[in-house]
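Subject: Structure for your files

Hello,

Please find the structure below, with the sequence alongside. My notes come after it.

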Amino acid sequence: MASKLAVDCIFCKIVKGDIPSVKLLETANTFAFLDVGPLSEGHALVVPKYHAEKLHEVPDSFLAETMPVAKQIATALNVENYNVLQNNGSLAHQEVPHVHFHVIPKPNAEEGLTIGWPSKEADLEKLKKFAGGLKL
C-alpha cells in the first residue's frame with residue numbers, strides 16, 4: 001500500500017521534506033525524527049507514513065515497523081529509563097492529529113515524561129463481563 005499523506009498535516013509535511021527536521025531513521029512506512037519541543041534530550045517521534053488521527057485508523061502494514069524503529073532509537077539513546085508513548089484524541093493529550101509514538105528518555109525525576117496514574121479498585125466480575133463484551 002502506498003503512503004497516504006495529507007497536505008495540511010505538519011507531520012506529513014515533515015515526512016515529505018516540506019518542513020525541515022532532524023531525521024533519525026526512515027523506512028518504507030515509517031519516519032523518525034527528534035522532537036523540536038523535547039521533554040528531555042533525545043526525545044524522538046516515530047511517525048507512520050500514513051495520515052490518520054487515531055491508531056485504529058492506520059493499516060497494520062504502516063504500524064509493523066513503528067515498534068522496531070522505536071526500539072532502535074531507544075537502544076541508540078543508550079539510556080537506562082525511557083517512555084514510549086502514543087496518544088489518541090485531544091482528551092488523551094494528542095496535540096498533532098497524526099498517529100505518532102514518542103520515545104522519551106527519562107534521565108532524572110525532573111526531565112522526561114511526568115504523569116500521574118489515578119488507578120481505581122476493580123471488581124473482577126465486572127472486568128470479566130467487560131472483557132466478554134469486547135469483539136476481538
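The notes start with the chain as a whole, go on to the pocket and end with two loop residues.

Please keep in mind that this is a predicted model.

The chain

The protein chain has 136 residues, and 36% of them count as buried. It holds 4 helices and 5 strands. From start to end of the sequence, these elements come in the order α-β-β-β-α-α-β-β-α. The C-alpha trace spans about 50 × 40 × 25 Å along its principal axes.

I also looked at contacts between residues at least 6 apart in sequence; 54% of these join residues at least 24 apart. The accessible surface of the protein chain is about 9100 Å². Carbon and sulfur atoms account for 56% of that surface.

The largest pocket

The largest pocket encloses about 530 Å³ of space. Its lining is made up of 28 residues, and those closest to the centre are Asp-35, His-43, Glu-95, His-100 and His-102. Helix H1 (10–16), strand S2 (30–34) and strand S5 (101–105) are the elements that each give two or more residues to this lining. Of the contributions, that of H1 is the largest share, at 3 residues.

What is the lining of the largest pocket like by class? There are 16 nonpolar, 10 polar and 2 charged residues in it. For reading those counts, note that Asp and Glu are classed as charged, whereas residues outside the nonpolar and charged lists count as polar.

Two loop residues with positive phi

Asn-78 sits in the loop between helix H3 (66–77) and strand S4 (82–85). Its phi is near 55°, which is a positive value in a residue other than glycine. Is Asn-78 buried or exposed? The relative accessible area of Asn-78 is 69%, and the cut-off for exposed is over 50%, so Asn-78 counts as exposed.

The other residue is His-93, found in the loop between S4 and S5. His-93 is not a glycine either, yet its phi is positive, at about 75°. With a relative accessibility of 64%, His-93 counts as exposed.

If you open the model, the pocket can be found from the residues closest to its centre, among them His-100 and His-102. The two loop residues to look up are Asn-78, after H3 and before S4, and His-93, between S4 and S5.

Regards

Methods. Residues are numbered from 1 along each chain as its sequence is written. This is a predicted model: local features need pLDDT of at least 70, side-chain atom pairs count only at pLDDT 80 or more; totals for chains, interfaces and linings use all residues. Side-chain values use heavy atoms; hydrogens and water are left out. On a 1 Å grid over the protein atoms alone, a cavity is a set of points where a 1.4 Å probe fits but cannot get out, and a pocket is an open set with protein on both sides within 12 Å along at least five of seven lines; lining residues have an atom within 4 Å of a point. Grid points are joined across faces, edges and corners, and a volume is the space filled by probe spheres set on the points. Buried means under 20% relative accessible area, exposed over 50%, partly exposed in between (1.4 Å probe, protein chains only). Contact means heavy atoms within 4.5 Å. Accessible areas come from the Shrake-Rupley method with a 1.4 Å probe; for residues, only the protein chains shown count as cover.
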